[in-house]
Amino acid sequence: WSCEVPVTWQDMGRSIQPNQVVGQLDDINITMTELYLSPMTLRLQLESEAPIPQKFGGGIGNRWVQLANSDTMTLTTRNEEVIPLTDLGGSLGDQDQNRSFRLEEITALEDLEGGTLNVRIECGSVDIPLEGLVPAE
């Protein structure tokens with residue numbers, strides 16, 4: 001016996017490009033350039049306006065490495081329900097970070113549209129509105 005089963009795949013996620021400063025490390029602006037949401041995943045891209053060397057032993061490099069995690073992000077639906085996040089890691093360079101998180105509750109994208117992602121960096125806090133989400137490419 002043999003059979004072929006066609007499988008189609010379409011990304012059901014949505015994204016926005018906020019291009020919004022979300023905080024600073026030692027006067028270096030950190031900008032969120034992209035945010036992707038699916039019912040189970042949050043991914044974001046952060047960029048610094050200047051290279052941040054990652055040296056061992058602390059300092060700004062250590063703070064850059066620990067910048068984006070589930071303790072510094074709060075995802076809220078349009079009905080103000082907080083969706084817990086679990087940090088899945090990501091990739092890191094001197095001037096950019098890509099981070100992924102798992103939503104602890106599968107959440108309809110329609111419920112996330114109109115919500116916010118609160119980002120806390122150092123002593124600052126910024127809300128990224130989840131509006132204008134478009135299908136991911």
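This passage looks at strand 4, its partner strands and the buried residue L130.

The structure is a predicted model, in which local features need pLDDT of at least 70 and side-chain atom pairs count only at pLDDT 80 or more, while totals for chains, interfaces and linings use all residues. Residues are numbered from 1 along each chain as its sequence is written, and side-chain values use heavy atoms, with hydrogens and water left out.

Strand 4 covers residues 41–48; helices (H or I, at least four residues) and strands (E, at least two) are DSSP runs, numbered from the N terminus. The side chains of strand 4 alternate: L42, L44, L46 and S48 point to one face and are buried, whereas T41, R43, Q45 and E47 point to the other face and are not buried. Here, buried means under 20% relative accessible area, exposed over 50%, and partly exposed in between (1.4 Å probe, protein chains only).

Strand 4 pairs with strand 3 and with strand 8, where pairing requires that DSSP finds at least two bridges between two strands. Strand 3 (residues 28–37) runs antiparallel to strand 4 and is joined to it by seven bridges. The two form a hairpin with three residues between them, and T31 has E47 as its bridge partner. Strand 8 (residues 96–103) is likewise antiparallel to strand 4, again with seven bridges, and N98 in strand 8 stands opposite Q45.

Turning to L130, this residue lies in the loop between strand 10 (124–129) and strand 11 (134–135). L130 is buried, with a relative accessible area of 0%. Leaving aside residues up to four places away in sequence, L130 touches several residues, including L35, L37, L75 and L112; contact means heavy atoms within 4.5 Å. L130 and T31 are 99 residues apart in sequence and 16 Å apart in space, C-alpha to C-alpha.
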